[in-house]
Amino acid sequence: MLTELGLYRLLGENPERTWPIARRLVIPIAKAIVPTWGYGQQLVPAQGPLVIASNHFSEVDPAVVGLHSRRTLYYMAKIELLSIPIVGEILRWTGAFAVRRGEGDRDALRVARWALHEGHVAGVFAEGTRQMFGYPGPMHPGAAMLAIQEGVPLVPVGIDTFGWNLKNRRRCSLVWGEPITLDLPRTGKGYKEGAAIVEQLVTKLWRRAAQATADGFPDVLADGLRRAGFVKPKDFLWYPDLATWPEDEWAAGPLGPVYRRPR
């Protein structure tokens, strides 16, 4: 719908350029419908490729994590979400790309690896789907595998958004963790071990986020992390000279940015 009108061209046809503009538009809405406090935003490295691994409770999680990240996220998202008119299109403009079942998953991983190779940040919901019981579920190896294969840091983040919806606009929180290096073999065993590490870290951070919510969002957590709102546009780090989207044939599979260069 919006894509057919060519509106994405007004935003620069580049996620790194689109995010700073979209942030200005989305933050006022997010403050109204999903008021959220974050802790440890400064732990996200200012430069270079990295993987961000998060737990997942609510459909609003991509926006919550994205608005509390000081870097642009190339987010893996389910194809059903990106197929929604307007919402899905805007997500694609900001770098989200689809995970398909079957062979499409392989293409999505290739897109994520491309993003890391080009210096971007790849965002992954490590459980693979939303959890319905109020606590994080088992972590799939995808996030760990990307970090191991590409030799990049992984930043865990725990989010407390369980129960949020438009009728229950509860206040939420998230806590960032220190970047880690998964120096493990590039084998199934190594990926499984990496997933276990990610699961332990993300679950620990989720507990801290849930406790911060229960405690009324203290100004400072016990380890010194300070409370902060959504990252302001002036504090956002963006790198518009990075490549925007792979031009290879395999990249046409997952829905991705609508501004792929014409062949």
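Phe217 is buried in this predicted model, with a relative accessibility of 6%. The residue belongs to the loop between α7 (188–214) and β8 (227–228). Its backbone is marked by a phi near 60°, a positive value in a residue other than glycine. Most residues other than glycine have a negative phi. Phe217 therefore combines a relative accessibility under the 20% cut-off for burial with a positive phi.

Across the protein, the secondary structure amounts to 7 helices and 8 strands. Of the 263 residues, 51% are buried. Contacts between residues at least 6 apart in sequence were also examined, and 76% of these join residues at least 24 apart. The exposed area of the protein is about 12,700 Å², of which carbon and sulfur atoms supply 55%.

Strand β3 spans residues 73–78. Because 5 of its 6 residues are buried, β3 is largely enclosed by the rest of the structure. Strand β3 pairs with β5 (residues 121–125), to which it is joined by 3 bridges, and the two strands run parallel. Within this pairing, Tyr75 has Gly123 of β5 as its bridge partner. Strand β3 also pairs with β4 (residues 97–99), again in the parallel sense and over 3 bridges. Here the bridge partner of Lys78 is Val99 in β4.

The loop between β5 and α6 (142–150) contains Met132. Met132 is exposed, its relative accessible area being 53%, a value over the 50% cut-off. Together with Phe133 and Tyr135, Met132 makes a nonpolar surface patch of about 400 Å².

Salt bridges number 6 in the structure. One of them links the side chains of Asp160 and Arg170, with an N to O distance of 2.7 Å. Asp160 is part of strand β6 (residues 154–160), whereas Arg170 sits in the loop between β6 and β7 (172–176), so the pair ties together parts that are 10 residues apart in sequence. Both partners fall under the 20% cut-off for burial: Asp160 is buried at 7% relative accessibility, and Arg170 is buried with a relative accessible area of 17%.

A further salt bridge is formed by Arg227 and Asp219, whose closest N and O atoms are 3.2 Å apart. Arg227 is partly exposed, with a relative accessible area of 31%, while Asp219 is exposed at 51%. The salt bridge between Lys234 and Asp235 has its closest N and O atoms 3.4 Å apart. In this pair, Lys234 counts as exposed at 65% relative accessibility, and Asp235 counts as partly exposed at 40%. The salt bridges described thus include a pair with both residues buried, Asp160 and Arg170, and pairs that join an exposed residue to a partly exposed one, namely Asp219 with Arg227 and Lys234 with Asp235.

How values were computed:
Residues are numbered from 1 along each chain as its sequence is written. This is a predicted model: local features need pLDDT of at least 70, side-chain atom pairs count only at pLDDT 80 or more; totals for chains, interfaces and linings use all residues. Side-chain values use heavy atoms; hydrogens and water are left out. Buried means under 20% relative accessible area, exposed over 50%, partly exposed in between (1.4 Å probe, protein chains only). Helices (H or I, at least four residues) and strands (E, at least two) are DSSP runs, numbered from the N terminus. Two strands pair if DSSP finds at least two bridges between them. Patches are made of residues with over 30% relative accessible area and no salt bridge: like charges are joined within 9 Å, nonpolar side chains (Val, Leu, Ile, Met, Phe, Trp, Tyr) within 5 Å. Accessible areas come from the Shrake-Rupley method with a 1.4 Å probe; for residues, only the protein chains shown count as cover. A salt bridge is a side-chain nitrogen of Lys or Arg within 4 Å of a carboxyl oxygen of Asp or Glu. Contact means heavy atoms within 4.5 Å.
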